[in-house]
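This report covers the ligand site, the pockets and cavity, and two backbone details. The sequence and structure come first.

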Amino acid sequence: MKVPFVDLKAQYDAIKADIDEAISDVITATNFIGGVQVSQFEKEFSKYIGIEHCIACANGTDAIEMALSALGIGAGDEVIVPAISWISTAEVVNTVGADPIFVDLIEREYTIDPKQVEDAITDNTKAIIPVHLYGAPARMHEVLAIAKKYDLYVIEDCAQAHQAQINGQNVGTFGDIATFSFYPGKNLGAYGDAGGVVTNDPHLAEKVKMIGNHGQLKKHDHRLLGRNSRMDTLQASILRAKLPYLNDWTVSRNQVALWYGRYLKEEIVKPKSIEGFEHAYHLYVIRTKHREVLTRAFDEHGIGYGIHYPIPLPFVKAYLYKGYEKGDFPVAERLSKEILSLPVFPEISEEQVKFVASVVNEMG
Ligand SMILES: *Cc1c(COP(=O)(O)O)cnc(C)c1O
């Protein structure tokens with residue numbers, strides 16, 4: 001039995017008629033940039049998340065960068081980011097000319113440690129970017145309390161956490177502004193790059209929209225120096241076709257997590273459930289001291305896996321200039337050696353999960 005890490009083909013097969021129609025509508029209309037597909041997606045996605053404004057853009061990396069720009073963050077400013085994330089979270093801080101300050105994670109939760117956030121604050125700190133990593137909500141209430149105390153902005157990176165919730169409220173609605181990625185493998189994925197910024201603040205929303213469209217308020221009215229970061233109409237149309245299924249997919253991901261919880265042996269460290277925190281299970285991440293042996297067994301059996309991420313951000317080559325030292329991020333350093341992402345996608349069967357678990361139980 002082969003088990004892929006994700007199976008986008010299975011998803012396409014299940015909703016082929018919707019997708020094919022969405023694509024052919026755009027091609028027939030030959031309207032490839034902007035238009036009603038994009039504006040409707042923005043309306044539908046913001047309604048789905050429970051927020052006032054959504055600005056569709058080219059990808060999830062641009063989304064964070066434009067959120068930072070719209071907040072006026074730039075040279076001389078510091079932005080606090082977690083030591084483990086996809087590099088975008090930190091990289092965009094450099095792109096706008098500011099300085100990313102890395103903070104360690106909470107050992108069993110894999111999200112930024114609010115206590116250490118407070119310790120990292122200086123006179124130059126302007127914002128915190130909590131990441132809802134793997135689909136697990138970060139401790140937003142504590143992060144927001146610190147932000148309020150020190151008058152900092154909060155930008156939620158929701159790229160892995162569409163529909164993750166805290167006490168019934170979607171992530172992305174807690175901070176000043178939040179960003180999503182619709183990269184194909186994300187919980188809501190386009191058929192290419194796509195992203196979005198959401199906020200309840202109309203001024204911030206307008207600013208992000210202008211930044212992503214050459215600073216234009218309307219055509220040829222360039223109010224500021226922006227850039228091009230628009231979502232393709234084709235991608236918007238595909239995302240609109242997929243959005244009605246997102247809830248079912250999230251339910252399925254949670255079912256898969258329950259199966260793993262049932263079939264994996266006691267000794268395997270599994271994702272922690274926190275009361276009131278609804279995980280979106282973009283990734284199902286376990287910890288094992290025998291990762292090398294286990295991944296070799298996965299390779300032999302044709303089981304897909306991932307490591308998210310093998311090197312804490314302060315230690316990737318591009319960030320060595322910051323001079324962090326071994327031991328500065330004990331949790332992130334330990335995690336990066338032990339974490340392993342198991343296959344999880346809505347269409348995976350209980351038999352497949354059982355099989356993956358049996359290999360983990362034997363070798364992990
Ligand atoms: C995927 C991802 C991004 C970037 O999204 P892209 O659409 O690939 O640019 C940012 N942050 C996190 C945590 C991600 O997983």
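In this predicted model, the ligand is surrounded by 14 residues, and Gly60, Thr61, Asp157, Ser181 and Lys186 are the closest of them. By class, this shell comprises eight polar, four nonpolar and two charged residues.

Three side chains place a polar atom close to an oxygen atom of the ligand, as the table sets out.

| Residue | Distance from a polar side-chain atom to a ligand oxygen atom |
|---|---|
| Thr61 | 2.5 Å |
| Ser181 | 2.7 Å |
| Lys186 | 3.1 Å |

The ligand on its own would expose 380 Å², and the protein buries 93% of that area. H4 and H5 are the elements that contribute two or more residues to the shell around the ligand.

Where does the ligand sit? The ligand is located in the largest pocket. This pocket holds about 500 Å³ of space. Its lining counts 26 residues, and those closest to the centre of the pocket are Trp86, Gln160, Tyr183, Lys186 and Tyr309. Lys186 is thus listed both among the residues closest to the ligand and among those closest to the centre of the largest pocket. Two or more lining residues come from each of helix H4 (60-70), helix H5 (88-95) and strand S8 (177-181). H4 gives the most, with three residues. Sorted by class, the lining of the largest pocket has 12 polar, 11 nonpolar and three charged residues.

The second largest pocket contains about 430 Å³ of space. Its lining is made of 23 residues, and Gly34, Glu42, Lys209, Asn213 and Arg230 lie nearest the centre. At least two lining residues are supplied by each of helix H3 (36-49), strand S1 (53-57) and helix H8 (202-211). Which element gives the most to this lining? H8 does, with four residues. The lining of the second largest pocket includes 10 nonpolar, seven polar and six charged residues.

Next come the enclosed spaces. How many cavities of 30 Å³ or more does the structure hold? There is one cavity of that size. The volume of the largest cavity is about 90 Å³. The residues lining the largest cavity are Val6, Asp7, Leu8, Gln11, Pro184, Gly185, Lys186, Asn187, Arg253, Phe345, Pro346 and Glu347. Five of these lining residues are nonpolar, four are charged and three are polar. Lys186 appears here again, as part of the lining of the largest cavity, while a polar atom of the Lys186 side chain lies 3.1 Å from an oxygen atom of the ligand.

Two backbone details remain. The peptide bond that runs from His308 to Tyr309 is cis, and its omega is near 15 degrees. Tyr309 is found in the loop between helix H11 (291-301) and helix H12 (330-338). Tyr309 is also one of the residues closest to the centre of the largest pocket, where the ligand sits.

The other detail concerns Asn167, a residue other than glycine with a positive phi, near 45 degrees. Asn167 belongs to the loop between strand S6 (165-166) and strand S7 (169-170).

Notes:
Residues are numbered from 1 along each chain as its sequence is written. This is a predicted model: local features need pLDDT of at least 70, side-chain atom pairs count only at pLDDT 80 or more; totals for chains, interfaces and linings use all residues. Side-chain values use heavy atoms; hydrogens and water are left out. On a 1 Å grid over the protein atoms alone, a cavity is a set of points where a 1.4 Å probe fits but cannot get out, and a pocket is an open set with protein on both sides within 12 Å along at least five of seven lines; lining residues have an atom within 4 Å of a point. Grid points are joined across faces, edges and corners, and a volume is the space filled by probe spheres set on the points. Ala, Val, Leu, Ile, Met, Phe, Trp, Tyr, Cys and Pro count as nonpolar, Asp, Glu, Lys and Arg as charged, and the others, Gly among them, as polar. A residue is near a molecule or strand if one of its heavy atoms lies within 4 Å of it. A polar contact is a pair of N or O atoms within 3.5 Å; within protein, one must be able to donate a hydrogen and the other to accept it, and residues adjacent in sequence count only if both atoms are side-chain atoms. Accessible areas come from the Shrake-Rupley method with a 1.4 Å probe; for residues, only the protein chains shown count as cover. A molecule sits in a cavity or pocket if more than half of its atoms lie within 2 Å of its grid points.
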